[in-house]
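This report walks through the fold of a single protein chain, moving from its overall make-up to its sheets and the helices that pack against them. Please keep the sequence and the model in view while reading.

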Amino acid sequence: QLLAFSRRQVLQPTVLDLNEVVSEIGGPEGLAGRLVGEDITIELELASHPIVTRVDRGQLDQVLMNLVVNARDAMPEGGRIALRTDVATLGEPVLPSAPTRLAPGTYARIVVTDDGSGMDGATRVQALEPFFTTKARGKGTGLGLSTAYGIVTQSGGDIRLTSQLGRGTAVEILLPRTSAEPSVNGRATETRSARGPEASGETILVVEDDDAVRELAAELLRADGYVVRQADSGAVALRLLAALPTPPRLLVTDVVMPRMNGRELAEAARATVPHLRVLFLSGYGHDVVARHGVLEDGMRLLAKPFSAQQLSEAVHETIHAPASNSLASH
């Protein structure tokens, strides 16, 4: 959440229809309904046509859930939350010298409205600041709205907040529109043919301390035709590397791991296998990755979370890059 607020989160934007996103979040089987309780009603007001933008789906889900939770907390005795999608048109500022975050034009918009306790003027001014909260100690981090603000502004949009004490709150999310076709459910649909050439049996060593991420990456790579070996730490990876009869063609490793980070592992592994290609994985912002010594040498980096297609393409490109460009930035 801090990375998102400081605009250093690594995002994976996809083209999506906001109607689909809001329907999945706020529909009968959506996560929002499970969070608010039976005394709060969620109503959807969806545009009659697709509202298409390009944004990180997971991060947008987080924005919406933060806003729903804030609305719920403002209505301890129950009430109504409305999620609306439409197109907003922004004109020139009233005063030429007045600051504006967004250029005039049309934007995809989601509005989250509640009829809860609302905010006074002083609270409304500080609402988007990190750690500002009106909740009692232990009842929240004060990062909900500021996290939403960081994600939306990093995606080229803005958040506008209107509220009156005792009359509820409305939060507008504005995002740039696009004419591209949205992917199914906002997530890329992939086939083997779309994911690039199949492997010819190359061996890949996958090192990741998160079991779920490691197992998923290994499963996807095996489906592409690679022989995959796994390790949950740098030490285990080096022992496995020494025991393999044939060295792997590629090392896929997380950057931030306990005791031995990805860069240290890559250096030790390439001391044994000089021509070993390396693909780093990381869910941290680029500044954190750089502190671990990865980006300064232009080594390949794939940001988490990644799709099957992104992993397949990154692995194929790393393995088959020209020798002189094997560590080109990705």
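How many helices and how many strands does the chain have? In this predicted model, the chain has 11 helices and 12 strands. Of its 330 residues, 47% count as buried. Among the contacts between residues at least 6 apart in sequence, 72% join residues that are at least 24 apart.

## The sheet with mixed pairing

One open sheet is built from five strands in the order E2-E4-E5-E7-E6, and its pairing is mixed. The edge positions are taken by strand E2 (40-45) and strand E6 (158-164), each of which pairs on one side only. From one strand to the next, the twist of this sheet averages 20 degrees.

At the E2 edge, E2 and strand E4 (residues 79-90) run parallel and are joined by six bridges. One of the residue pairs to look for here is Ile 40, whose bridge partner in E4 is Gly 79. Helix H2 packs on this sheet, where H2 touches E2, E4 and strand E5 (105-114), and the direction of H2 makes about 170 degrees with that of E4.

H2 also has a helical partner: helix H2 (residues 18-26) and helix H4 (residues 57-73) pack at an angle of about 55 degrees, with their axes 11 Å apart. Because of that angle, H2 is oblique to H4. The crossing in which H2 passes H4 is right-handed. On the H2 side the contact is made by Leu 18, Val 21, Val 22, Glu 24 and Ile 25, while H4 contributes Arg 57, Leu 60, Asp 61, Leu 64 and Met 65. By class, the residues of this contact divide into seven nonpolar, no polar and three charged.

## The parallel sheet

A further open sheet is formed by five strands in the order E9-E8-E10-E11-E12, with parallel pairing. Why is one side of strand E9 (227-231) and of strand E12 (300-303) left without a neighbour in the sheet? Both strands stand at the edges and each has a single partner strand, so one side of each remains without a neighbour in the sheet. Neighbouring strands here are turned by 20 degrees against each other on average, with direction ignored.

Towards one edge, E8 and E9 run parallel and are joined by five bridges, and the bridge partner of Val 207 in E9 is Ala 231. Towards the other edge, E11 and E12 pair in the parallel sense over four bridges, and Phe 280 has Leu 301 of E12 as its bridge partner. In a regular strand, side chains alternate between the two faces of the sheet. In E12, Arg 300 and Leu 302 point one way, whereas Leu 301 and Ala 303 point the other way, and all are buried.

## Helices on the parallel sheet

Helix H7 (residues 211-223) lies across E8 and E9 and runs at about 170 degrees to E9. Helix H11 (residues 308-320) packs on the sheet as well, touching E8, strand E10 (250-254), strand E11 (277-282) and E12, and the direction of H11 makes about 150 degrees with that of E11.

The axes of H7 and H11 come within 10 Å and cross at roughly 65 degrees. H7 and H11 are therefore roughly perpendicular to each other, and their crossing is right-handed. The contact involves Ala 217, Leu 220 and Leu 221 of H7 together with Ala 308, Leu 311 and Val 315 of H11. By class, the contact of H7 with H11 has six nonpolar, no polar and no charged residues.

The two helix pairs are set out below.

| Helix pair | Angle | Axes |
|---|---|---|
| H2 and H4 | about 55 degrees | 11 Å apart |
| H7 and H11 | roughly 65 degrees | within 10 Å |

## A buried glutamate in a loop

Glu 202 is placed in the loop between strand E7 (168-176) and strand E8 (203-207). Is Glu 202 buried or exposed? Glu 202 counts as buried because its relative accessibility is 10%, the cut-off for buried being under 20%. Leaving aside neighbours within four places in sequence, Glu 202 is in contact with Tyr 226, Val 227, Arg 249, Ile 319 and His 320.

How values were computed: Residues are numbered from 1 along each chain as its sequence is written. This is a predicted model: local features need pLDDT of at least 70, side-chain atom pairs count only at pLDDT 80 or more; totals for chains, interfaces and linings use all residues. Side-chain values use heavy atoms; hydrogens and water are left out. Axes are lines fitted to C-alpha atoms, for helices over the stretch in contact, and angles run from 0 to 180 degrees between N-to-C directions. Helices (H or I, at least four residues) and strands (E, at least two) are DSSP runs, numbered from the N terminus. Angles under 35 degrees count as roughly parallel, over 145 as roughly antiparallel, 65 to 115 as roughly perpendicular and the rest as oblique. A crossing is left-handed if the near helix is turned anticlockwise from the far one by less than a right angle, and right-handed if clockwise. Contact means heavy atoms within 4.5 Å. Ala, Val, Leu, Ile, Met, Phe, Trp, Tyr, Cys and Pro count as nonpolar, Asp, Glu, Lys and Arg as charged, and the others, Gly among them, as polar. Two strands pair if DSSP finds at least two bridges between them. Buried means under 20% relative accessible area, exposed over 50%, partly exposed in between (1.4 Å probe, protein chains only).
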